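Dear colleague,

I am passing this structure on to you, and I would be glad if you could look through it before reading my notes underneath.

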Amino acid sequence: SWEAAMTETPEGPVWRPPSSGELPTSRAGRPLPPPGAPPIAATRPPSGPLAAQVPLNAPAQSVSPGLGGTLQGFFWAMCGLSIVALLLAIGNLLAFNAWWDTPIGSREADDALDDWVRVEDALQAVGGVMLIVGIVVFVLLVVWSNRAHAASQELWLGERTWSSGWSVGGWFIPLGNAVIPKMVLDEIERIAFAVRSGGRADEAWRTVSTSAVGWVWWLAMIVGALLNVAGNRLGTELGASAAEVRLGYVLNCVGLTVSAVGMAAGAVFVRKLTSRLTAEGLRAPT
């Protein structure tokens with residue numbers, strides 16, 4: 001009992017072993033530690049279900065596989081929509097040529113005009129869906145970029161060129177958003193794929209090369225958008241000649257092809273970078 005192990009002194013009670021030489025025990029029969037010593041249970045590692053719930057060296061910040069997978073899915077959706085729009089743009093060009101080559105006022109001309117209008121309406125409808133999906137992709141991309149930046153800070157605690165604010169704000173700067181977000185992502189990618197030592201990125205991470213698929217995605221996204229804007233303008237201008245309308249459709253076809261390739265590359269890039277910045281990826285030794 002504790003009564004046998006405590007002695008009153010002028011300074012207060014002092015723990016002493018009982019005269020029998022045995023350690024005092026609790027009612028459950030387990031030896032009790034002296035006052036001030038940590039409880040025995042506190043020195044034991046978690047076991048059973050608790051051990052599975054508390055992973056060792058869990059990073060404070062990481063990219064959710066769900067977020068990365070959702071962004072990939074919308075990238076593939078944009079790729080598929082770009083292919084559908086490409087087929088309609090080709091049909092639009094063929095329908096316009098058929099209408100242009102038939103005599104004005106003939107029944108064939110009326111039928112060709114109906115076909116052209118029908119294909120054009122379908123192309124506009126697909127374009128509207130692409131606009132909505134594109135907005136979703138943009139929002140997810142901003143959120144994913146910010147999470148990727150936070151996760152990369154688990155690997156490198158030193159100075160960086162681009163702070164977390166740029167991973168969001170860079171997307172909203174006119175003209176600058178064609179360059180800044182890619183530079184931020186390049187820095188994140190270099191840190192994510194750098195050689196690791198003790199769970200941290202090596203100091204030589206700045207010399208790591210960025211992936212080709214990332215550049216294909218970024219350049220194709222910009223070039224495809226510019227070609228589609230130019231093609232839409234030529235095809236819808238009042239008083240445009242037949243040659244200008246045809247050129248507009250051709251630019252649309254090329255732009256949509258480039259955009260489809262870019263969206264596929266974007267999905268691959270997001271998958272690769274996400275895999276390095278998830279909680280599991282951050283704990284990888286190399």
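What follows is a short account of what was found, beginning with confidence and moving on to packing.

Please keep in mind that this is a predicted model. The chain has an average pLDDT of 84, and 78% of its residues score at least 70. Among the elements of the chain, the highest mean pLDDT, 97, belongs to helix α5 (residues 180-192), whereas the lowest, 36, belongs to helix α1 (residues 49-53). The pLDDT is below 50 over residues 1-11, a stretch that nevertheless has 24 contacts in the model beyond near neighbours in sequence. Residues 40-56 also stay under 50, and for them the model has 4 contacts beyond four places in sequence. Where pLDDT is low, the predicted coordinates should not be read in detail.

Turning to the helices, α3 (residues 107-152) packs against α5 at an angle of about 40°, and their axes are 10 Å apart, which makes α3 oblique to α5. The crossing of the two is left-handed. On the α3 side the contact is made by W144, S145, A148, H149 and S152, and on the α5 side by V184, L185, I188 and I191; of these residues, 6 are nonpolar, 3 are polar and none is charged.

Finally, a search of the whole structure finds 15 aromatic pairs. One of them is formed by F75 and W217, which meet edge-to-face, with 5.9 Å from centre to centre and 85° between the planes. This pair links distant parts of the chain, since F75 lies in helix α2 (residues 65-101) and W217 in helix α6 (residues 212-236), 142 residues apart.

With best wishes

Note on methods
Residues numbered from 1 in each chain as written. Predicted model: local features only at pLDDT ≥ 70, side-chain atom pairs only at ≥ 80, totals over all residues. Heavy atoms only, no water. pLDDT = per-residue confidence, 0-100. Helix = DSSP H or I, 4+ residues; strand = E, 2+ residues; numbered from the N terminus. Contact = heavy atoms within 4.5 Å. Axes fitted to C-alpha atoms, helices over the stretch in contact; angles between N-to-C directions. Parallel < 35°, antiparallel > 145°, perpendicular 65-115°, else oblique. Left-handed = near helix turned anticlockwise from the far one by under 90°. Nonpolar A, V, L, I, M, F, W, Y, C, P; charged D, E, K, R; others polar. Phe/Tyr/Trp six-rings, centres within 6.5 Å; stacked < 30°, edge-to-face > 60°.
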